[in-house]
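Please look through the structure shown here before reading the briefing, which moves from the packed interior to the annotated residues.

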Amino acid sequence: MQIEFYKYQGTGNDFVMIDNRSNFFPKEDVKLIEHLCDRRFGIGADGLILLENDSETDFRMVYYNSDGNQSSMCGNGGRCLVAFANQLGVIDDKTTFIATDGLHHASVNKDSIVSLQMIDVNEIQKKDSYTFLNTGSPHHVQIVDDLEHYNVKENGAAIRYGELYGEKGSNINFVKKTDNDTFSLRTYERGVEDETLACGTGATAVAIAMNATGETDKTSINLNVEGGKLIVSFDKENDGYTNVFLTGPAKFVFKGTIEI
Ligand SMILES: N[C@@H](CCC[C@H](N)C(=O)O)C(=O)O
């Protein structure tokens, strides 16, 4: 059997996209999804995303990490899926779609910059050395010295598998403040089990955490990630965050078929 796929990347967070509107894809085949994401034996990606029909919105997003397991929301994947839906002619420049964490509104411009509304955030756990919040996926946010030389894989894995987050684990973000509206981050991603070049829900978590802990009073924040630049903006209401938008490039890389 041959599968047609499209490859996309958003600030270096890369995804295999499959048009599953005809429901042909074997969704429970963890080994197959892991194989398609494998960088040596497959296509290679941080995750795989199915675009499916939905009766009430433009389309449904079904997201898998590169370990083959379905997971929670992926911000960069959601942005890339909007660009993919646009390329397929499923949407024009604005959309509403459904994902595991609920409805998302988004827009895409002619330069393939996608702005994606993320879930509202009301619960933020502020601890002495880190902040924990859920932006569609769980995120640990920690400021570190010398981010450039920090061992993200080793330290991220130690926290992800440590006593804090139990079996479910968390994504782990290490952060450096550049100025009042700019932060740099590097992310260890659960389900990839490695550092990725960017994480959209992670960038969103860092922006909100930095505002919530008083590191910045800005409500539009620049995030430097290893694979480029993202912007996160929001409204702050009492202790909650609404109208949260994640904005950045979402680029088509290539398409092809793979024999399985
Ligand atoms: N790359 C993602 C996050 C994907 C989900 C994560 N790996 C998890 O399982 O929690 C993003 O851009 O948000």
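What follows is a short briefing on the nonpolar cores and on two annotated residues.

This is a predicted model, in which local features need pLDDT of at least 70 and side-chain atom pairs count only at pLDDT 80 or more, while totals for chains, interfaces and linings use all residues. Residues are numbered from 1 along each chain as its sequence is written, and side-chain values use heavy atoms, with hydrogens and water left out.

**Nonpolar cores**

- A nonpolar core is a set of buried Ala, Val, Leu, Ile, Met, Phe, Trp, Tyr and Cys residues joined through side-chain atoms within 4.5 Å, where buried means under 20% relative accessible area with a 1.4 Å probe and protein chains only.
- The largest such core has 51 residues, of which M17, M61 and L223 touch the most other members.
- Helix α4 (residues 200–212; helices are DSSP runs of H or I, at least four residues, numbered from the N terminus) gives this core its largest share, 8 residues.
- Contact means heavy atoms within 4.5 Å, and L223, leaving out residues up to four places away in sequence, touches F183, L185 and A203, among others.

**Annotated residues**

- The "binding site" annotation in an unreviewed UniProt entry includes G200 and T201, though such annotations may be inferred rather than shown by experiment, and their positions are given in the numbering used here, with feature names shortened.
- G200 is in helix α4 and is buried, with a relative accessible area of 1%.
- T201 also lies in helix α4, and T201 is buried at a relative accessible area of 3%.
- The side chain of T201 makes a polar contact (a pair of N or O atoms within 3.5 Å, one able to donate a hydrogen and the other to accept it within protein, with sequence-adjacent residues counting only if both atoms are side-chain atoms) with the side chain of H139, at 2.8 Å.

Methods: Buried means under 20% relative accessible area, exposed over 50%, partly exposed in between (1.4 Å probe, protein chains only). Helices (H or I, at least four residues) and strands (E, at least two) are DSSP runs, numbered from the N terminus.
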